[in-house]
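Please look over the sequence and the structure shown below, and then follow the strands and the cores in turn.

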Amino acid sequence: MAGPHVHVLGLRHRPGREPLREQQLGHLHDTARHDPAGPGAGADRDVVLPTRISLAWTASVDNATQVFYSLFKDGSEYFGGEIGVRERTILDLSPATTYTFEITAADAFGNSVDSNVLSVTTPAATDTEPPTAPTNLRLSPESSPPEIWLDWDQSTDNVDPQSQILYDVYLDGVLDHAALGRGETITYCVDTGPTAIVVRAVDSAGNVSAPSNEITFDC
Ligand SMILES: [Ca+2]
Ligand SMILES: [Ca+2]
């Protein structure tokens with residue numbers, strides 16, 4: 001379960017532009033190695049699970065602009081250009097599979113620096129029992145097109161605590177986004193007109209529940 005030791009690999013500058021300072025290397029690690037006394041650390045977040053990995057990295061500081069972070073999973077961008085993000089749980093991974101991760105920090109001029117490359121292997125999945133279906137899916141009163149504010153009663157699982165149950169939100173049968181460990185989220189209308197909404201719970205082994213009750217929102 002303990003993450004691998006990681007090293008800072010290097011610094012990339014693009015010549016002819018304003019440089020980053022050398023001490024701006026980001027350092028990427030899985031949160032199993034996160035200092036438990038560190039900011040935001042919590043026992044239920046220090047996880048390398050069969051289908052999820054929580055990552056954290058040290059901040060980069062630029063001499064002139066905000067820092068934009070991009071995360072690459074096996075060389076492909078997982079998210080790009082986000083400001084102020086220092087941790088992320090990577091979802092929908094496969095059990096017993098090795099992945100590499102790397103963070104790039106860039107300033108507004110396009111100068112960028114790469115973190116170490118972190119290699120993490122997810123454990124095999126042994127749990128085969130899905131969570132209970134979410135119940136009592138409902139709109140909260142803040143809802144107004146295009147904003148859809150949702151609440152539901154959380155599922156339970158035979159293995160995972162509720163903080164590790166993921167909720168996939170479907171709009172008209174299409175996966176919209178996921179919310180981890182909580183019974184509320186906000187999303188946005190995709191098309192105008194009546195939109196059917198259901199939520200399914202997913203445990204950390206990737207087992208998917210039956211759908212919640214369906215509600216309709218007039219987008
Ligand atoms: Ca700079
Ligand atoms: Ca389960």
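Strands β7 and β8 form a hairpin with five residues between them, and in the turn G110 has a positive phi of about 95 degrees. Strands here are DSSP runs of E with at least two residues, numbered from the N terminus, and two of them pair if DSSP finds at least two bridges between them. The model is predicted, with local features needing pLDDT of at least 70 and side-chain atom pairs counting only at pLDDT 80 or more, while totals for chains, interfaces and linings use all residues. Residues are numbered from 1 along each chain as its sequence is written.

Within the hairpin, three bridges join β7 to β8 (residues 112-114) in the antiparallel sense, and A106 stands opposite S112. β7 also runs antiparallel to β9, joined by four bridges, with T98 opposite T121, and β7 pairs with β4 over six antiparallel bridges, where F72 stands opposite E102.

The largest nonpolar core has 17 residues, and L55, Y69, F101, I103, A105 and V120 are those with the most contacts inside it. Such a core is a set of buried Ala, Val, Leu, Ile, Met, Phe, Trp, Tyr and Cys residues joined through C-beta atoms within 7 Å, where buried means that 20 or more other C-beta atoms lie within 10 Å of the residue's own, with C-beta atoms placed from the backbone. Among the elements giving two or more residues to this core are β4 (68-73), β7 (98-106) and β9 (118-121). A second, separate core of 15 residues includes L137, W152, L171 and F217.

F217 is also the bridge partner of T195. Elsewhere, four strands form an open antiparallel sheet in the order β13-β12-β15-β16, with β13 (174-180) and β16 (215-218) as its edge strands.

Note on methods
Chains are lettered from A and ligands numbered from 1 in the order in which they are written. A residue is buried if 20 or more other C-beta atoms lie within 10 Å of its own, exposed if 12 or fewer, and partly exposed in between; C-beta atoms are placed from the backbone.
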